[in-house]
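Thanks for coming, everyone; I would like to talk through how a few helices sit against one another. Please have the viewer open while I speak.

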Amino acid sequence: MKVVISVDMEGVCGVASWVQVSPPEFGGLVNGTEYQLARERMTLEAAAAAEGALMGGATDVLINDSHDTMRNLLPELLPQQVRFTSGNDKPLSMVQGVQEEGVGALLFVGYHARAGSPRGPLAHTWNGFIRNVRVGGIDTGEYGLNALLAGHYEVPVVFACGDDVAMAEIRAELGEGVVTVAVKEGLSTYAAVHLHPAEAQRRIREGAEQAVRAAKNAQPYTTRWPAPCQLSFDHQARADACARVPGVTRVDAVTVGWSSENAYHLFQTFRMLATVAGVRLNG
């Protein structure tokens, strides 16, 4: 069985600040040393999940770099048996690879809570200005969008690790059958109590092995299609821009809506609107 691992950075053990997860080439509030340490821990957590998946019976593991520029992984720290994907211009973005024939499970590593979540370290959805995503009447985050897209290809999410708030949200939406490992306890948006990195990696390895062993009984995540979808922003100007897109309607001052016939349409519409909404707010 093939397994895909989608690895983000905000949910990684030891991370609690944007300084740690921001690639330094863009300038701003960044620190090269902090970022380098965070990407090492990100890679080691992905490696632990891959090792667990292989012990659980996976015959092929593809690790998809899913954070920011999507070229954060340090390949030399990964198990030699794995493949990895890097670069941010990917058709399926954070879950690139689930469309491959023979993929039977998707694992989330380093995942964070959705935008607006109390106590969720670095909680957000996709970027800094999306306030909420709602699909079929359910508020969701990156984990839900990615799980739905994987479900479009009949691939279930079987494992997730990250902060405790994100893990609770994932179990509530995707089901208690998803094996979750909390590597830190959120105290606020910018604070958390962390496990030691080695202990976090041990728990991830064990959880991933357990999840992959049981993957044959897992069901892909889906909703009732066609589904009503809504996207809310931090400013009405963003909704102004999105409301001009054919098929998109205005719901309220900062929210737009549309209908999607399947998860692929949902995901690509979401990505497009997130780009359209990136307008200047100073006129």
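How are α3 and α7 oriented to each other: parallel, antiparallel, perpendicular or oblique? Before answering, I should say that this is a predicted model. Helix α3, residues 142-152, and helix α7, residues 263-276, have axes 8 Å apart and pack at an angle of about 140 degrees. Because angles over 145 degrees count as roughly antiparallel and 65 to 115 as roughly perpendicular, α3 and α7 are therefore oblique to each other. Their crossing is left-handed, and the residues in contact are Leu-145, Asn-146, Leu-148, Leu-149 and His-152 from α3, with Ala-263, Tyr-264, Leu-266, Phe-267 and Phe-270 from α7. Sorted by class, that contact of α3 with α7 holds eight nonpolar and two polar residues, and no charged ones.

Let me turn to the second partner of α3 in this talk. The axes of α3 and α4 cross at roughly 40 degrees and come within 10 Å, which makes α3 oblique to α4 as well. Here the crossing is right-handed, with Tyr-143, Gly-144 and Ala-147 of α3 meeting Glu-169, Ile-170, Glu-173 and Leu-174 of α4. The contact of α3 with α4 comprises four nonpolar, one polar and two charged residues.

Staying with helix α4, residues 164-174, the buried residues include Glu-169, Ile-170, Glu-173 and Leu-174, and the buried residues of this helix pack against β4, β6, α3, β7 and β8. At its N-terminal end, α4 is capped by Asp-163, with a side-chain oxygen 3.0 Å from the backbone nitrogen of Val-165, while just after the helix Gly-175 takes a positive phi of about 115 degrees.

Terms used. Residues numbered from 1 in each chain as written. Predicted model: local features only at pLDDT ≥ 70, side-chain atom pairs only at ≥ 80, totals over all residues. Heavy atoms only, no water. Axes fitted to C-alpha atoms, helices over the stretch in contact; angles between N-to-C directions. Helix = DSSP H or I, 4+ residues; strand = E, 2+ residues; numbered from the N terminus. Parallel < 35°, antiparallel > 145°, perpendicular 65-115°, else oblique. Left-handed = near helix turned anticlockwise from the far one by under 90°. Contact = heavy atoms within 4.5 Å. Nonpolar A, V, L, I, M, F, W, Y, C, P; charged D, E, K, R; others polar. Buried < 20%, exposed > 50% of the residue type's maximum accessible area, 1.4 Å probe, protein only. Polar contact = N/O pair within 3.5 Å; in protein donor to acceptor, adjacent residues only side chain to side chain.
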